[in-house]
Each structure stands twice: as structure tokens, then as C-alpha cells.
Amino acid sequence: MKEFEPFKQIYEQILQKQEIKANAKQAAVAVLFIEEDDQEPHLVLIERNQYDGHHSGQMALPGGKMDPTDQDLRETAAREVREEIGIEIDVSSLDYITEHWIHVSNYWITAFSVRLNKKLSYDLNKREINRIFEIPVSFFQDPANLQPFEVSYDGNKILSPSFVYEGNLIWGATALILYQLFHTED
């Protein structure tokens, strides 16, 4: 979509700046594809609890900051999924997707995906998570559900991808990852 071209250009410039990545807090998220027989594939998103911070109440992919005990960011993603929603993931099954820098909180997020062929039984971490959503993949694939969302970067207003699912805004890094998965070519 042409309206996102300025955003894509800024994103590419940021990825080239190694000093940003070096000075950011490392984090990882997981895109969980639920692929049960005889059902449309779904993705798992969470709604974070309200708190005093940048990501309060946001729709997000399960994930979070790297702990000193994590061997790598794949381990971070698997640990965070287990801590937030109680799902065990084999670290070796996580496939790299992309990276993003979140300037408001200075997190450098690495996104991974995993395909799960079973119904999930969640154990919600109520201290961190308000709600879990299983959203059909087709929702994110449908261009009619992709909406521009105005963000500020470096004093400039630019349009970034977003989605609204059942009245819940999905924006920021989560929307960008989903946009890259379903609306951009390699």
C-alpha cells in the first residue's frame, strides 16, 4: 500500500543503524499459528493489562524482554509465551520472522513464528494479561481489515499499518509484524 511507503523507508533506515540495536533492550515475541484439522488457522494475540507504562492495555503478540538467564531470543520468546499464557513451545520450532525497534520504550523486538497442530489450553498470567484472542488468519490477510494509523517519529507524522478486531485496535510492532507476514512480498 502506497500510504505506508514513508513508514517502510524509515523502518529500513532504522534496521541499518546498528547503534540503535546495540543500545536497545532486547525482547522477543512469538506468532503462534494454531492449525487444527478441519478449522481455519488462527493466531494468538493477547490484551495486556492496564498499567502505568507505554504498552498498557495494548493488543500484542505474546512476548517480552530478554532475561539474563535466557540463552538467546528464541528462548526468550518460548519463556515469555509460557509465562504469559501457559503454552509450552519447543525452542527449536521457532522460525525467525523480522525485527523491529520500538522507540517509545527502546525495545528491539525479534519476532518468531511457530505452528501448533492442537487445541491450546491456556493458563493466563492475570498479573500481565487481561485477555487472550484466537483470531482467524484470514482476518489479517484481508486487505479490507488493514487500516492506516498515524504515528509520530522524529517529529514527523507517518502512517503505519493497523487492524481493528472486534473493536480492539492492533497497532505498533504487533501490527507491523502481521503486516509484514500477510501484506508484503519477500
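Start with the largest nonpolar core of this predicted model: it has 28 residues, and if you select L43, L45, I135, F140, F163, I170 and L178 you will have on screen those with the most contacts inside it. Next, colour the elements that give two or more residues to this core, which are strand 1 (25–34), strand 2 (42–48), strand 6 (107–116), strand 7 (129–136), helix 4 (137–141), strand 9 (156–165) and helix 5 (172–183). Helix 5 deserves a separate colour, since the largest share of the core, six residues, comes from this helix.

Now select L45 and display its surroundings, leaving aside residues up to four places away in sequence: L45 touches M59, A60 and L61, then R131, I132, F133 and I135, and also F140, I170, T174 and L178. Moving on from there, you can pick out L73, V81, I85 and V114, which are included in a second, separate core of 21 residues.

The next stop is helix 3, residues 73–85, where confidence is highest, at a mean pLDDT of 98. Place a distance between its end C-alpha atoms and you should find them 18 Å apart, which agrees with the 18 Å that 13 residues should span at 1.5 Å a residue.

Which residues of helix 3 are buried? Select L73, T76, A77, A78, R79, E80, V81, E84 and I85, for these are the buried ones. While you turn the helix, it helps to recall that an α-helix has 3.6 residues a turn, so residues three or four places apart point the same way. If you then show what covers the buried residues of helix 3, you will meet, among others, strand 1, strand 2, strand 4 (63–65), strand 6 and strand 7.

Look also at what lies at either end of this helix. D72 caps the N-terminal end of helix 3, with a side-chain oxygen 3.1 Å from the backbone nitrogen of R74, and just after the helix G86 takes a positive phi of about 75°.

Finally, zoom out to the whole protein, which contains five helices and 10 strands, and whose C-alpha atoms fill a box of roughly 45 × 40 × 35 Å along the principal axes. Its radius of gyration is 16 Å, which agrees with the value near 16 Å that a compact globule of 186 residues would have, and 48% of the residues count as buried. If you colour by confidence, the protein averages a pLDDT of 91, with 95% of the residues scoring at least 70, while helix 1 (residues 5–16) has the lowest confidence, at a mean of 83.

How values were computed: Residues are numbered from 1 along each chain as its sequence is written. This is a predicted model: local features need pLDDT of at least 70, side-chain atom pairs count only at pLDDT 80 or more; totals for chains, interfaces and linings use all residues. Side-chain values use heavy atoms; hydrogens and water are left out. A nonpolar core is a set of buried Ala, Val, Leu, Ile, Met, Phe, Trp, Tyr and Cys residues joined through side-chain atoms within 4.5 Å. Buried means under 20% relative accessible area, exposed over 50%, partly exposed in between (1.4 Å probe, protein chains only). Helices (H or I, at least four residues) and strands (E, at least two) are DSSP runs, numbered from the N terminus. Contact means heavy atoms within 4.5 Å. pLDDT is the predictor's confidence in each residue, from 0 to 100. The expected span of a helix is 1.5 Å times one less than its number of residues. A polar contact is a pair of N or O atoms within 3.5 Å; within protein, one must be able to donate a hydrogen and the other to accept it, and residues adjacent in sequence count only if both atoms are side-chain atoms. The radius of gyration is taken over C-alpha atoms; the globule rule is 2.2 Å times the number of residues to the power 0.38.
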